[in-house]
Each structure stands twice: as C-alpha cells, then as structure tokens.
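Me: I want the reasoning behind each label, not the label alone. Can we take the terms one at a time?

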Amino acid sequence: MTVIADAHELKDDIVRLRHRLHQEPEIGLHLPRTQEKVLEALDGLPYEITLGQDTTSITAVLRGTASDAKVRPEIYGAGRPVVLLRGDMDGLPVQEATGVDYSSRIDGAMHACGHDLHTAMLTGAATLLAERRHQLAGDVVLMFQPGEEGFDGAGVMLREGVLDAAGRRPDAAYGLHVMSSMEPNGRLFTKPGILLSASDGLVVTVLGAGGHGSAPHLAKDPVLAVSEMVTALQVMITRQFNMFDPVVLSVGLLQAGTKRNVIPDSAHFEATIRTFSESSREKIMTTAPRLLEGIAAAHGLEVVVDYRPEYPMTVTDGAETEIAEQVISELFDEPRYARLAQPMSGSEDFSRILAEVPGSFICLSAADPDTDHRTAAFNHSPLATFDDNVLADGTALYTELALNRIAQLAADR
C-alpha cells in the first residue's frame, strides 16, 4: 500500500490520540501526561528512546535496515543519512470556547495552536516509518518537543543533544504546523528563505508616586506616561524603520491601578516585537529602551525596561524546501501546495533547529471546511478549531519526507 493509503488506515488511531491530547493540554516544559500518551503510542515500535532531563521531551531514533545500512553501532557515525522530524506538544493558557465534544478538561488550558495535531501526526508517522524500516538506508530522529509556546523547548533539547541522538548530526530537518484559518482546508504552504519573524519580548515598568485622582499635581502619575509610551512606540517604528523591512510591535498586557480615583505608584506593560532582519532586530533593541527612558524622564519618572531576546527568524533552506515541495506534489493527487509570496509574522523555536541543520517548515491548513477560512478564528484563539481530516495527510507527509530524503542522501553517498 502507498504511504497515503496506510496513513488513512491509521486515521482512527491518530484521531483518538489527538482527542486524548486535546482533552488534557499541558503548558510549558513539563508535560507528564502528554509524554505518557506518546510513549504509550510508541510502545512496541523499534525506536531507541531518550527522555529529556530538564523537560518531558522524547527523542526517538529509528535505525534503517535497508541493504548495507544494517544496524551496526560501529558505522553510525560513518556517513549514514539522518533526517529529523519535529512535533511540538505543549498547549496554551487559553480557556477553550469551541464547544467540541473533546474540549479541554483542564481549566485555563487549551491546545489552541494545534500542537495536539502535530504530536498525533508525528506519532502516526512513527508507526508508518517503523513498518518501512527495511526501506530506510539511514536513520530517522523523531523530536517530540515541549515548551514551544515561549519556553524555548527547542533550545533545551538542543542543549540536551537532540541533534546528536543518531550518532551524527541530521542531514535535513522538517517540521509541520497546522493553521485554523488563512488558507482553504488541506492547503500546504511555505517558502524558501525567511518564513517567520524573530520574536522578542519587551517588559516595561514605570515607577511613579501614587496619590488622589483629584490632585495629580501632588503625585507622579505613571498611567499617563505608559499611555504615551504605548503610542510612541508605534510612531517610532513608522519613522525610524524601513517600511519594506517591517517591525511589528503589539502590546498584549497593560496593568495599572486598583480604583478609578487612585493614582497608582506604578504601571506595567508587556509587548511582543517581531522583526524580519538582524539589522532591524538589533536596532530596536536599542531604540525602544531609549525612547521609553526619554518619555519617563520627561515626566520625572523612573522606568525599568527589560528587553528579552527570544526566538530568531525561521529561515528555511532553499534546496530542502524545493525537495519538500516535490514530495508534496508527488504525494497528493490534486494540487495542494502554494508557495508563499512573503514571510509570516508568527515565530517558532524550530528556527533554532533550522539554524543548525538545513531543512524546511511546512504549514498545513486544518481550517474547518464548513467555515470561511478567511474569517475563521486564528491559532491561539479560544474559538480556534482544527479539522481531524488533515491528520492522515500530515502523517503521510512526515513519513514521506523522511523516506524520500534518506533515499536521496543514500544514493548520493
């Protein structure tokens, strides 16, 4: 049977696992219930499994047994092709409001970004690859990663040696990510080069002196200064940065005060900053704090600015992306792929893997086919829903990327 046919044979199992994961989302680097479910699904398959020390990550290595690529420890480091496939596993601190019958049972936590699908699809691919072990003239590394949502789980797994799990560094690495909107159901898309922006955090606390709302001249009002800062940051971007090298700054947290007639002692806000070049990223690291310090000084206040570099840009390898595009075109009967014209302003810690290993990152639309994908709730929304019908296709794509790339690499050696 073909990979696609086998993936569809497995679909019910993949869906069940996805629903179980969805009902018990976990946040951050420690996902014990998620890890348990994945290990249960991998049980009995011929993988060498390593568990993370500082996270509940799972690294699973499949040794191919095709022809002269028999499992012989003495040649692991002697040129055997290695391909890495990654699936992230963590949820978000979001209260689910979708109403699906497998909704989250954990108050304040939800798989609002589709990582439950990624994990289920990669687990399905583990089965298909194990069944085709005799076709693999190399090794496959499955990277089940916690902590993508702001906890840098990829960075932790790098430090713990995920890239050396097979005995030598991977020749190629691939990741998939589902979307709840943007493109029609089943559409696959990516682009070579810069695919996703860098992401940094800006945490600002303005220190003033509280007082009565009727006498602001006797206090030092931090609320007014913070209000000015939020607006000034947006204006600064339009005047100090090239519009063709965009910077996106969004304030997502703003806190001050306890009562309407009390001027508080302090005010606080936090923003996310997205950039698409190293030059703009380095520049805003300097210009944003300078602007905020100037505004605080003009109001006679103090400010604490904490600029937090987070994820670098996600840059796909041109050759590996072309290989992925070819695999997609051969795997699916109907045209399903569209190359993006420009990057997206989301960010990913898979960027850390792609900075070390040539590879690509492919998006798969899991938008509800009965809803207009242009207006459907986007990833991270409490209303975001993801269609189970894409699970078999994602499983097949993971599988075929590994099979195809290892075959090419083996032929070239």
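Reply: Start with a crossing. In this predicted model, α4 passes α10 in a right-handed crossing. The α4 side of the contact includes Leu-117, His-118, Met-121, Leu-128 and Leu-129. From α10 come, among them, Leu-391, Gly-394, Tyr-398 and Leu-403.

Me: What makes α4 oblique to α10?

Reply: The angle. α4 and α10 (residues 391–412) pack at about 50°, with their axes 8 Å apart. Roughly parallel needs an angle under 35 degrees, and roughly perpendicular runs from 65 to 115. The value fits neither class, so α4 is oblique to α10.

Me: How many nonpolar, polar and charged residues does the contact of α4 with α10 have?

Reply: Eleven are nonpolar, five are polar and none is charged.

Me: Why is α8 called oblique to α10?

Reply: Helix α8 (residues 318–331) and α10 pack at an angle of about 120°, their axes 10 Å apart. Roughly perpendicular stops at 115 degrees, and roughly antiparallel begins over 145. The angle falls between those limits, so α8 counts as oblique to α10. Their crossing is right-handed.

Me: Which residues of α8 and α10 meet?

Reply: On α8, they include Glu-320, Ile-323, Val-327 and Leu-331. On α10, they include Leu-397, Glu-400, Leu-401 and Arg-405. By class, this contact has eight nonpolar, two polar and four charged residues.

Me: What makes α6 oblique to α7?

Reply: Helix α6 (residues 222–240) packs on helix α7 (residues 278–298) at about 140°. Their axes are 10 Å apart. Roughly antiparallel requires an angle over 145 degrees. This one does not reach that, and it is past the roughly perpendicular range of 65 to 115, so oblique is the label for α6 and α7. α6 passes α7 in a right-handed crossing.

Me: Which residues make that contact, and how do they divide by class?

Reply: α6 brings residues including Ala-225, Met-229, Leu-233 and Ile-237. α7 brings residues including Lys-283, Ile-284, Arg-290 and Leu-292. The classes are twelve nonpolar, two polar and three charged.

Me: On to the pockets. What lines the largest pocket?

Reply: The largest pocket holds about 1,100 Å³ of space. Its lining has 38 residues, with Glu-149, Ser-199, Thr-272, Arg-274 and His-380 nearest the centre. The lining divides into 18 nonpolar, twelve polar and eight charged residues. Strands that each supply at least two lining residues include β5 (172–179), β8 (198–207) and β10 (247–256).

Me: What is said of the phi of His-380?

Reply: His-380 has a positive phi of about 85°, although it is not a glycine. His-380 sits in the loop between β16 and α10. Asp-152 is another non-glycine residue with a positive phi, at about 55°. Asp-152 lies in the loop between β4 (139–145) and α5 (153–159).

Me: Which element gives the largest share of the lining of the second largest pocket?

Reply: α2 does, with five residues. This pocket holds about 240 Å³ of space. It is lined by 13 residues, and Asp-13, Ile-14, Leu-17, Ala-41 and Thr-123 lie nearest its centre. The elements giving two or more lining residues are α2 (11–23), α3 (32–42) and α4 (115–131). By class, the lining has five nonpolar, three polar and five charged residues.

Technical notes:
Residues are numbered from 1 along each chain as its sequence is written. This is a predicted model: local features need pLDDT of at least 70, side-chain atom pairs count only at pLDDT 80 or more; totals for chains, interfaces and linings use all residues. Side-chain values use heavy atoms; hydrogens and water are left out. Axes are lines fitted to C-alpha atoms, for helices over the stretch in contact, and angles run from 0 to 180 degrees between N-to-C directions. Helices (H or I, at least four residues) and strands (E, at least two) are DSSP runs, numbered from the N terminus. A crossing is left-handed if the near helix is turned anticlockwise from the far one by less than a right angle, and right-handed if clockwise. Contact means heavy atoms within 4.5 Å. Ala, Val, Leu, Ile, Met, Phe, Trp, Tyr, Cys and Pro count as nonpolar, Asp, Glu, Lys and Arg as charged, and the others, Gly among them, as polar. On a 1 Å grid over the protein atoms alone, a cavity is a set of points where a 1.4 Å probe fits but cannot get out, and a pocket is an open set with protein on both sides within 12 Å along at least five of seven lines; lining residues have an atom within 4 Å of a point. Grid points are joined across faces, edges and corners, and a volume is the space filled by probe spheres set on the points.
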